[in-house]
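Visitor: Before we look, could you explain how the labels used here are earned from computed values?

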Amino acid sequence: MFWSQPDFRSQALVSQKSILPAGYAPTEASFIFAMYAAARTIPLAFMTLIAIYKQSRSALLILGTLAGFIQLLDAGVGLLQHDPGKSIGPLVIAAFQFFAVYRLSSFARSSAE
């Protein structure tokens, strides 16, 4: 719920061909790109799992909001590439993400009273 979609970043480390357009061969540059992307995705997912385990609402709100903004930025990349599929999917996920953060926030406020 509170981390980025299981997306191309972590998948790229295992199979670079999964993120490349048809007919393109993986290169050292695409592998380095995948490592940089995984360097941000894996720690976020790990910290989110810890926050869920510890039931830390404040940490989940922060990580959930961050994940929503990451999805918005992913949608922006899709817009720059003129690819509706890479724009609409992250926008929908961002909307669900922000809705989940809103619900958790309102639940946290109501239980605090």
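The dialogue below takes up some of these labels in turn.

Guide: This is a predicted model, in which local features need pLDDT of at least 70 and side-chain atom pairs count only at pLDDT 80 or more, while totals for chains, interfaces and linings use all residues. Residues are numbered from 1 along each chain as its sequence is written, and side-chain values use heavy atoms, with hydrogens and water left out.

Visitor: Why is S87 called buried?

Guide: S87 has a relative accessible area of 4%, and buried means under 20% (exposed is over 50%, partly exposed in between, with a 1.4 Å probe and protein chains only), so S87 is buried.

Visitor: What does S87 touch?

Guide: Leaving aside residues up to four places away in sequence, S87 touches A75, G78 and L79, where contact means heavy atoms within 4.5 Å.

Visitor: What makes the approach of S87 to A75 a polar contact?

Guide: The side chain of S87 reaches the backbone oxygen of A75 at 3.4 Å, and a polar contact is a pair of N or O atoms within 3.5 Å, of which, within protein, one must be able to donate a hydrogen and the other to accept it, residues adjacent in sequence counting only if both atoms are side-chain atoms. At the start of helix 4, a side-chain oxygen of D83 likewise comes to within 3.1 Å of the backbone nitrogen of G85.

Visitor: Why is Y36 called exposed?

Guide: The relative accessible area of Y36, a residue of helix 2, is 64%, so Y36 counts as exposed.

Notes: Helix = DSSP H or I, 4+ residues; strand = E, 2+ residues; numbered from the N terminus.
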